[in-house]
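Student: Could we work through this model together, one question at a time, and reason each answer out from the atoms?

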Amino acid sequence: AFGNVATGFIDNVTVAIGTNPASGVLSGTKTVAAVAGVATFSSLSIDLAGSGYTLSATHNGLTVAVSASFDVIPSTPTQLAFIASPGQSTAGAAITPAVQVAVQDAFGNTVTSFTGNVTVALGANPAGGTLSGTMTVAAVSGIASFSSVSLDKAGGGYTLVATSGAFTADTSAPFTVIAGAATELVFIVQPSAATAAATITPQVEVIARDAHGNTATGFTGNVSVALASNPAGGTLSGTTQVAAVGGIAAFSTLSINKAGTYTLEAAATGLTADTSASFSIAAGALSHLAFTVQPSTTTAGASITPAVAVTAQDALGNTVTSFTGNVTLMITGGTGTSGAVLSGTTTIAAVNGVATFSTLSIDKSGVNYTLSATAQALTGATSGTFTIVPDVASQLVFTVQPSVTASGTIIVPAVKVTAQDAHGNTAPTFAGNVTVALAPNAAGGTVSGVTTVAAIAGVATFSSLTVDL
């Protein structure tokens, strides 16, 4: 009771942690038999570093003793540990909160005296991302903080691996990178070849992407498609504006009415537009004939120029290039001048769907001619109206003959002589003088009156002729 060592005491004494600031565990032999009143504990250790530990010593019947406070400091560094693992972040943005890696001893205590370099790198990389930022930093008080690291590709299940020299590495918990805000549009399902007016399949799809090429799954804005290149003058039909779902706009009802080669452009407010790859629209099934180069005003007997062209088309007016059948032309009954003859090659085999007639001519002048085109199993076509004009005058023809008349009396009706071209058409531009005379003259008569007359519109009219015998 007076503080003297009771040398005769040889019972067991037990020590335990009293004050435990770091929740450490006391190891070693904690119960020892006293020798000459003194119990010596030579194998005690505590696993967690901390300041202000105390031990308590107990024995039944004796007052408990409490040690002075003492510190446990870290041991030699052996390993790394993520103490702030990466959380969900946005592609291209620094991972927050900052990733932290501690340098620890074998018991998990941060070795605060360590100031060496620690490096982080990608472990699991499910999306093929690239880690950017400062990936090697010097530890401060045993902790390395990475405040600028980022990943460019969205994906789930990424991990980081921390290394430093020969220390045991550590792998972070898995984390997710999400896409950033949408900045551009990209065709991910290009428009494919289709038939005129038929729905383009598979459906065209456009994605909204962030600046790093990730699908911006949060984008739900409207996306519109329109014809970019349109050499055939086609019309894009169907639903051309749709709201994106999960960053993807799907166009399932698009069609184009004209055969040709096209591209589409996808656009959305605030985003960079994209142009699709080129694609073809083919004509539909054969339906009818159409004059694609109409017959034009031409001189009688001359080839109609430019050459008349008749095209095999589908129901929408597209040329069916596979058609190689015969097409036949004729003058439409009841048009032009009765008795006119269409000459030249009037039946032609189509080439790439087009029959070209380069040798056609009509012998009779006239107005309001039309041509009719026919082909087996196709609806025929009628051309626009056109005119055949006379050629230059080449001959004279009595168009009102002299009739039986009393001698010395004016011949009635008045004799008429017409200037005609080689095909018998009146040459209305002829205004020259025409002279008539008796031939033959068996009776020796004399023709009197005006025997030389200037033609009017190609016709010379002799209204005063008489014969005396």
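**Cores, strands and loops**

Tutor: In this predicted model, the largest nonpolar core has 27 residues, and those with the most contacts inside it are Leu289, Val310, Val327, Leu329 and Phe357. Nonpolar side chains tend to be buried together in soluble globular proteins.

Student: Which strands each supply at least two residues of this core?

Tutor: Among the strands that each supply at least two residues of the core are β33 (288–293), β35 (308–313) and β36 (326–331). The others listed with them are β39 (354–357), β42, β43 (378–382) and β44 (386–389).

Student: With which residues is Leu289 in contact, leaving aside its neighbours within four places in sequence?

Tutor: Leu289 is one of the residues with the most contacts inside the core. With its neighbours within four places in sequence left aside, the contacts of Leu289 include Val310, Thr311, Ala312 and Val327. The list continues with Ala373, Thr374, Ala375, Leu378, Thr379, Gly380 and Ala381.

Student: How many residues does the second, separate core have?

Tutor: Ala216, Val223, Leu264 and Ala268 are included in this second core, which is separate from the one discussed above. Its number of residues is 26.

Student: Is Ser276 buried or exposed?

Tutor: Ser276 is placed in the loop between β31 (274–275) and β32 (279–282). Not counting residues up to four places away in sequence, Ser276 touches Phe187, Gln190, Pro191, Thr263 and Leu264. Because its relative accessible area of 6% falls under the 20% cut-off, Ser276 counts as buried.

Student: Which residue is joined to Thr370 by a polar contact of 2.9 Å between side chains?

Tutor: Thr370 is placed in the loop between β41 (366–369) and β42 (371–375), and its relative accessible area of 7% makes this residue buried. Leaving aside neighbours within four places in sequence, the residues in contact with Thr370 include Met330, Ile331, Thr335 and Phe386. The polar contact of 2.9 Å joins the side chain of Thr370 to that of Thr332.

Student: Which strands are the edge strands of the open sheet with the order β45-β46-β50?

Tutor: This open sheet has three strands with antiparallel pairing, and β45 and strand β46 (residues 415–420) pair over five bridges, with Gln420 in β46 as the bridge partner of Gln395. An edge strand here pairs on one side only, which holds for β45 (395–400) and β50 (459–462).

Student: With which strands does β12 pair in the antiparallel sense?

Tutor: Strand β12 (residues 117–122) has three bridges to strand β14 (residues 136–138), where Asn117 stands opposite Ala138. Four bridges link β12 to strand β18 (residues 160–163), and there Thr119 has Thr163 as its bridge partner. The antiparallel partners asked for are thus β14 and β18.

Student: What is the radius of gyration of the chain, and how does the globule rule bear on it?

Tutor: The chain has zero helices and 51 strands. For 469 residues the globule rule gives 23 Å, and the chain lies well over that value, so it is more spread out than a compact globule. Its C-alpha atoms fill a box of roughly 195 × 40 × 35 Å along the principal axes. The radius of gyration is 54 Å.

Student: What percentage of the 469 residues count as buried?

Tutor: A residue counts as buried when its relative accessible area is under 20%. Of the 469 residues of the chain, the share that meets this is 34%.

Methods. Residues are numbered from 1 along each chain as its sequence is written. This is a predicted model: local features need pLDDT of at least 70, side-chain atom pairs count only at pLDDT 80 or more; totals for chains, interfaces and linings use all residues. Side-chain values use heavy atoms; hydrogens and water are left out. Buried means under 20% relative accessible area, exposed over 50%, partly exposed in between (1.4 Å probe, protein chains only). A polar contact is a pair of N or O atoms within 3.5 Å; within protein, one must be able to donate a hydrogen and the other to accept it, and residues adjacent in sequence count only if both atoms are side-chain atoms. Contact means heavy atoms within 4.5 Å. Two strands pair if DSSP finds at least two bridges between them. A nonpolar core is a set of buried Ala, Val, Leu, Ile, Met, Phe, Trp, Tyr and Cys residues joined through side-chain atoms within 4.5 Å. The radius of gyration is taken over C-alpha atoms; the globule rule is 2.2 Å times the number of residues to the power 0.38.
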